[in-house]
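Could you walk me through the ligand site and the enclosed spaces of this protein? A short tour with the key values would be welcome.

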Amino acid sequence: MCGIVGMAGGQNVTPILMEGLRRLEYRGYDSAGLAVINGGRLQRLRRMGKVQALQEALNGNPLSGASGVAHTRWATHGKPSEINAHPHTSGGIAVVHNGIIENHEALREQLEADGYRFASETDTEVIVHRINYHLARAGDLRLAVSRTIGELEGGYASMVVLSDAQPDALIAARIGTPVVVGLGGDGNLVASDVAALLPVTSRLQFLEEGDVAVVGRDSVRIFDAGGREVQRPVRVSEQTADSVDLGRHRHYMEKEIHEQPAALTRALANRIEDGAIADSAFGPEARSILAQTAGVHIVACGTSYHAGLVARYQLEEVARLPCAVDLASEYRYRSPVVPENTLFVAISQSGETVDTLAALRAAKELGYLATLAICNVAESSLTREADLTFLTRAGIEIGVASTKAFTTQLAALLMLTIVLARQRGIGADTERQIVNHLAELPGLVEQSLLLDGAIAELAHEFADKHHALFLGRGALNPVAMEGALKLKEISYIHAEAYAAGELKHGPLALVDDDMPVVAVAPNNELLAKLRSNLQEVRARGGRLFVFADPAVEFGDDDGVRILRMPAHVQPIQEPLLYTVPLQLLAYHVAVLRGTDLDQPRNLAKTVTVE
Ligand code: F6R
């Protein structure tokens, strides 16, 4: 999950590497470092903590060079510390690495027996010493890197290598996780993520699995896993180097919550024609695939998984299609039975989550009708590998807690539901009605955001708590799950969600006056049942916080706080609309608790390890 950027350039590359690191920091932020070749000598600077700490160190101790590599780390082997920060070095060689080396212990023993001394606790350090070992024998850096790669086990070990033995070129290798080369005017770059390259260039070459590239100032040569020189297509990125300014906001999460009306407007743009969803929204081959679809299997992780759980209710109810939803980390190790004509749908904000990608690859061998990626990042591994792609167009999401990516995923899944329902004969009038409800979403979210002040005040009731329970029913159950996930990941309050009907099967035992219980209560056919479940909480002295439809009457008493939604909404709109106040609640509680809520402890935005 670490971020890598490197450049072989004409001038000092340090400012470009630092800008790249700032754009990659969402991938990991335990420590950061860079190495450059200056006057033929390798120089390195590393700092524990954020990229800003490295910048401050650089301000006091400037490093410059015409080629260099940089890294932002999410610790796997070895705690976050300066000695474990990348780049790791051996003689005049520096390596930055993203992934895990499973046989690092055996390699370490062998290297120690050969006289190599280790300075860190990382698995990465074996790579750099092995390259050093092979360079001494092969005399060629690319060959030394290839030989080292041949010894590594683990499957996730993409890297970039810099050496004073070949100061004007970097060696980059893709093993498991993405590596992209950026073709610039004055030098060439390489990174783990397109975002790091966009300030300099949008002309890209994606390395394929097993490729090793020699990235020089004036040329890029790519070799496949068999060592043959190959050409990889040059693509022009569709992404823009979106502004990463906070504007008037205190945190990216706040900014991204408030960007949701605009993000949803983008997600819907050009996809609705005459009251119907255009099949072409899912790619040129979508029409015939969707016409044959007899069932849907959705696979994702975390928040994206919650979007899939919401979609199951809608696909069953509106399109009358069977739908299964799985966690990608579980799916990849199961033996799923695939009914005929099942569409496989992978949902991911980043398109790089390793479990979701592995699930997609496994699905391709299992006889699905086709695979569809619902994703926020164009040119991600997921969109490049799936048969069909739907881009959610939420815009760059920097806060680790996913917000606008989730609500645009819900909109995308609703569009998929409508297109599939059309194939199954819902009729033009019903389609038009649902599409109208879809088109209302940006405006309704705008209204929900008006609850911000009231929720900021409500957040005080949670700030000193250690636990919270979230309840919902039907498609609002995954919304409660998403609310609990948001609260726990950024405020560190332990939060769990339950289908309200499950309460008396166990979790009711936890309820007392120190356990806030949050419920989402739209005015739908499950309201009466939800009310009884909430009575069960009140009868045990639990404090209730209910996000309710404006028309719903709840007997207010001391132990119940009702927050009325600004408008009554249609059942199909409820999951998306009731998500917004839960995002705001998590945000304001985290602000009161003073956590680092855009970069919460132990987490990273893109999860490229298992
Ligand atoms: C939670 C969150 C994570 C991600 C999960 C999957 O706020 O952001 O749970 O949803 O890591 O990531 P993507 O969607 O990039 O596959």
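Below come the ligand site, the cavities and two single residues.

This is a predicted model, in which local features need pLDDT of at least 70 and side-chain atom pairs count only at pLDDT 80 or more, while totals for chains, interfaces and linings use all residues. Residues are numbered from 1 along each chain as its sequence is written, and side-chain values use heavy atoms, with hydrogens and water left out.

Let's start with the ligand. It is surrounded by 15 residues, and the closest are Ser304, Ser348, Gln349, Thr353 and Glu489; a residue counts as near when one of its heavy atoms lies within 4 Å. By class, this shell holds 5 nonpolar, 8 polar and 2 charged residues. Here Ala, Val, Leu, Ile, Met, Phe, Trp, Tyr, Cys and Pro count as nonpolar, Asp, Glu, Lys and Arg as charged, and the others, Gly among them, as polar. Helix H9 (302–318) and helix H17 (476–491) each give at least two residues to the shell; helices are DSSP runs of at least four residues (H or I) and strands of at least two (E), numbered from the N terminus.

The table lists polar contacts to oxygen atoms of the ligand, that is, pairs of N or O atoms within 3.5 Å.

| Residue | Protein atom | Distance |
|---|---|---|
| Glutamine 349 | backbone N or O | 2.7 Å |
| Valine 400 | backbone N or O | 3.3 Å |
| Lysine 486 | side-chain N or O | 2.9 Å |

On its own the ligand has 400 Å² of accessible area, and the protein covers 89% of that (Shrake-Rupley method, 1.4 Å probe).

Now to the enclosed spaces. A cavity is a set of points on a 1 Å grid over the protein atoms alone where a 1.4 Å probe fits but cannot get out, and its lining residues have an atom within 4 Å of a point. There are 5 cavities of 30 Å³ or more, and the largest holds about 60 Å³, a volume being the space filled by probe spheres set on the points. Among the residues lining this largest cavity are Cys2, Trp74, His86, Gly99 and Asp123, and the lining divides into 2 nonpolar, 7 polar and 2 charged residues.

Glycine 99 sits in strand E6 (residues 93–100). Glycine 99 is buried, at a relative accessible area of 8% (buried means under 20%, with a 1.4 Å probe and protein chains only).

Finally, what about serine 81? Serine 81 belongs to the loop between strand E4 (67–73) and strand E5 (88–90). Serine 81 is also buried, at 11% relative accessible area, and a polar atom of its side chain lies 3.2 Å from the backbone nitrogen of asparagine 84.

How values were computed
1 Å grid on protein atoms, 1.4 Å probe; cavity = no way out; pocket = protein on both sides within 12 Å on 5 of 7 lines; lining within 4 Å. Polar contact = N/O pair within 3.5 Å; in protein donor to acceptor, adjacent residues only side chain to side chain. Buried < 20%, exposed > 50% of the residue type's maximum accessible area, 1.4 Å probe, protein only.
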